[in-house]
Structures are given as C-alpha cells and as structure tokens.
Amino acid sequence: MVAVTAFLAEARDGDEIVLDGATGEVYLNPEASVKAEYENKKNTFMEEKKDLEQYIGKPSVTKDGVQVEIVANIGKPEDVEKVLQYDGEGIGLFRTEFLFMDRTAMPTEDEQFEAYRKVAAAMKGKPVIIRTLDIGGDKEIPYMGLEKDENPFLGYRAVRFCLDRREDVYKPQLRALLRASAFGNIRIMVPLVTCIEEYRQAKALVEELKGELDSQGIPYKKDIQVGIMVETAAASLIADIFAKEADFFSIGTNDLTQYTMAVDRGNKKVSYLYSTFNPAVLRSIKHIIASGREAGIMVGMCGEAASDPMMIPLLLAFGLNEFSMSASAILKARKMVTEYSVAELQAVASKAMTFATAAEVEQYMKAFVEKVNL
Ligand code: PEP
Ligand code: MG
C-alpha cells in the first residue's frame, strides 16, 4: 500500500486498521460490519492458500500439455526462502538494486559475489536470472552522485548509467555475477535496452571479463546466457533484431506500459491511462513473444502482468514460456495454467485483440475467467 498520506495523518497509536492489499482499501477504526466482512475475507483467503498447497511439486503444464515455468521475482538473497516454500521453478528477476540501497557505499565485488552465489546455490541448478543494476528513474541511490534528471524515466538510468560507469560500477557487478555463476544456473539480464548497441556493449564487457577470469584461473559458467528486459517501446519494435543476438527475453510490463502509453507509472493523475490491457500494450507484448519464439529463444515476463489472472490466458495463447512473479502468487498461477488448454485459448486471445479499448479487453477477460472458474 502506498500513497495513503491523508490517512496516516489521522491515524493514532492504538487505532484499529483494516488494510486490504488486494484492492488498495484501508479503513481506520472500522465499523463492526466492516470488521466482520474482513474476518470472513481473511478466513476465505487462508482456506484458499491452504488449498493451493496441493500444487506444490506439480508441473506447470496446461491441459493440452504445454509446459511453462513459473518463477519468482526477488530483491534480496533472503527472499529465496519464500521462493522455495512456494515451489518456484527458478528466479525470473533478481532486482539487484536492493543490494545497493539503504547503505552509504557501493557493495564491493566480493559482497555482491556472495549475495549472487547464495541465491544460485540455494536454487540448486534452477535458472536464476539476475538483472544488472537498474537505478535512476524512480530508484535513487544517494552515494552514486547522480544529478537530478529533468525527466528521470527518460534519462540517465539502468544500462545507460552502467555503461557510462563501467569501471567502478558495471565491471565489478558483472565480474561478481560471472564468479557466482560457477555455483548455479545464473543468467545475466540487461535492463532498459533501447538499441542493439547497448546489448552488444554489455555482452562485450562480459566477454572481456571472462577472458580476465580465465587468465586468473577463476571458474565461471562458460556458456552463461545474457538476455535483455524488453521494456521500452523501441526494444519491442525491434524485438526481432534483438532476438537474433540476445539469449532470452523477459518482458517488463511495468515499464513497457509506461513507455508505450507515455504515462509516468507513479503519477496518480494519469494512472487511468496506465493499463497493460490497452490494445497498444497488448499488441506490443504479442509481438515481443512472437519475435522471441520465432528465433527460438526463451521469452519470459517479470512485470506485474505475469501474475494477473486476466492476463495469464492471453500470455499462454501468445506463447509465453516463463511467468515471473512474487513468490506468494506462484501456486495460484500454476493452478490457473493447469486449468487451461492453449489450443482453446487461441480464440479467446484473437477475440480480445479485436477490442479498441483497455476497458473492453478487461471486461471480456474478466467474464471469460469467471466463466472458467464456475
Ligand atoms: C518492469 O519494468 O516490468 C520490471 C519488472 O522492472 P521494474 O518494475 O523493476 O522496473
Ligand atoms: Mg523495469
């Protein structure tokens, strides 16, 4: 829950609060009827959670035999515990910026190596996609000495920053990632790419560091994959070009929606435009998946849309291989996957793509999902 400032000003120590993280509603000193309603909701939620445990250890496979991977988004090595608890099939996004936040200096190469090694080892050979530093935009790190950008989301961030600060920031991180790759199935992911040169430069750095490690006799995964986040309109439009060189794609719908719709993802005044169901965003997603699949590379998604019950049928129909989400959403997503047949979903997706507005798509998908669940 964010942006509840007026509410916080009114709340006092000892007040009772009902907080509904699913809908974004909060009640200060709720009436008895509201409390009762939420006691019920809580019980239903706990029952559902218990019921979902039957999906632990089951494959994420559709009724017609299409196997996908349901993996987790994490921010810290400690988060792995929950991923294992909810039977994540890997890590689809490790947001490494959290290792750099809330401290006064950059984590050293050795500190980073230890964090990445821990995650890779704990996941025991399952894929662990680690995203290189994605700061700037909405994520500030004071000790990096970044000047305030006039348009932070269009400015000096993520791979742009890393390629500029390659000696003190990017190389130590990439070296730590390579060293840790000897302990598990680490894959490197480059965020916010807009043109192929950025990918090539990152990849060249990885190759250079591999040579350095070779000469020092330090082990690493020789065939480590280097993929990209597809989260800008530019990367989406030339996804076919990226697919020829990148080892995998992961679609970042949080940013892809922002950059496609030209809508600041944190600005409440324009949030009515921020919908992944908008036909423009849907076409973009469909195109990215098709481009990746055509080139034979894995296409995943690590934005919020990957766990949206109304989006999952569409993503299955488009051919998405990997769904990455918060650990607590994994079993529900697996249940949904097992209830669908990709062949049957083709007609649903084709129909969904005929609508002109996000509202119509959402309404249609809501009705479809409710019907299946009946
Ligand atoms: C995204 O943009 O969809 C994403 C997963 O990355 P972040 O939310 O960290 O920008
Ligand atoms: Mg992003």
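Two residues are said to be in contact when heavy atoms of theirs lie within 4.5 Å. With that in hand, the surroundings of single residues in this predicted model can be read one by one. Ser324 is a good place to start. Setting aside neighbours within four places in sequence, Ser324 is in contact with Val71, Ala72, Asn73, Gly92, Leu93, Met301, Cys302, Gly303 and Ala306. Ser324 belongs to strand E10, and with a relative accessibility of 0% it counts as buried. One of its neighbours also offers a polar partner: a polar atom of the Ser324 side chain lies 3.3 Å from the backbone oxygen of Ala72. Lys222, by contrast, is 102 residues away along the chain, and the C-alpha atoms of Lys222 and Ser324 are separated by 25 Å.

Strand E10 (322–325) also helps to cover helix H14, together with other elements that include helix H2 (32–52), strand E3 (69–74) and helix H13 (312–318). Beneath this cover, helix H14 (residues 330–339) has the buried residues Ile330, Leu331, Ala333, Arg334, Met336 and Val337. A general point about helices may help here. An α-helix has 3.6 residues a turn, so residues three or four places apart point the same way.

The nonpolar interior comes next. The largest nonpolar core has 103 residues, and Tyr116 and Phe249 have the most contacts inside it. A second core, separate from it, has 6 residues, among them Leu93, Ile129, Met229 and Phe248. Which residues surround Phe249, beyond its neighbours within four places in sequence? Phe249 is in contact with Ile228, Val230, Ala239, Phe242, Ala243, Ile288, Gly292, Ile297, Met298, Val299 and Gly300.

The model also holds a magnesium ion, ligand 2, coordinated by Glu231 (OE) and Asp255 (OD) at 2.1 to 2.2 Å. Glu231 sits in the loop between strand E7 (226–230) and helix H9 (233–237), while Asp255 is in helix H11 (residues 253–261), so the pair ties together parts that are 24 residues apart in sequence. Are these two metal-binding residues buried or exposed? Glu231 has a relative accessibility of 1% and counts as buried. Asp255 is buried as well, with a relative accessible area of 3%.

Asp255 has a further partner in ligand 1. A polar backbone atom of Asp255 is 3.0 Å from an oxygen atom of ligand 1. Side chains take part too: an N or O atom of Arg131 is 2.9 Å from an oxygen atom of ligand 1, and for Arg265 the corresponding distance is 2.8 Å. Taken alone, ligand 1 exposes 290 Å², and the protein buries 99% of that. There are 13 residues around ligand 1, of which Arg95, Arg131, Gly252, Asn254 and Arg265 come nearest.

Arg131 leads on to Glu97, a residue of helix H4 (residues 97–100). Apart from neighbours within four places in sequence, Glu97 is in contact with Arg131, Leu133, Asp134, Ile135, Lys139 and Ile141. Within this group, the backbone nitrogen of Asp134 lies 3.5 Å from a polar atom of the Glu97 side chain. Glu97 counts as buried, at 0% relative accessibility.

Another charged residue, Arg179, lies in helix H7 (residues 166–180). How much of Arg179 is accessible? Its relative accessible area is 15%; buried means under 20%, so Arg179 is buried. Leaving out neighbours within four places in sequence, Arg179 is in contact with Glu109, Asp110, Phe113, Leu213, Ile218 and Pro219.

Val263 is found in the loop between H11 and helix H12 (279–294), and at 2% relative accessibility it counts as buried. Beyond neighbours within four places in sequence, Val263 is in contact with Thr257, Gln258, Val270, Leu273 and Tyr274. Leu273 is 10 residues from Val263 in sequence, and their C-alpha atoms are 6.8 Å apart.

Finally, two residues deserve a look for their backbone angles. Asn29 has a phi near 40 degrees, a positive value in a residue other than glycine. Asn29 is in the loop between strand E2 (25–28) and H2, and is partly exposed, with a relative accessible area of 43%. Ala158 is not a glycine either, yet its phi is positive, at about 50 degrees. Ala158 is located in helix H6 (residues 158–164) and counts as buried at 0% relative accessibility.

Note on methods: Residues are numbered from 1 along each chain as its sequence is written. Chains are lettered from A and ligands numbered from 1 in the order in which they are written. This is a predicted model: local features need pLDDT of at least 70, side-chain atom pairs count only at pLDDT 80 or more; totals for chains, interfaces and linings use all residues. Side-chain values use heavy atoms; hydrogens and water are left out. Donors are N, O and S atoms within 2.8 Å of the metal (3.2 Å for Na, K and Ca); water is not among the atoms, so sites may look incomplete. Helices (H or I, at least four residues) and strands (E, at least two) are DSSP runs, numbered from the N terminus. Buried means under 20% relative accessible area, exposed over 50%, partly exposed in between (1.4 Å probe, protein chains only). A residue is near a molecule or strand if one of its heavy atoms lies within 4 Å of it. A polar contact is a pair of N or O atoms within 3.5 Å; within protein, one must be able to donate a hydrogen and the other to accept it, and residues adjacent in sequence count only if both atoms are side-chain atoms. Accessible areas come from the Shrake-Rupley method with a 1.4 Å probe; for residues, only the protein chains shown count as cover. A nonpolar core is a set of buried Ala, Val, Leu, Ile, Met, Phe, Trp, Tyr and Cys residues joined through side-chain atoms within 4.5 Å.
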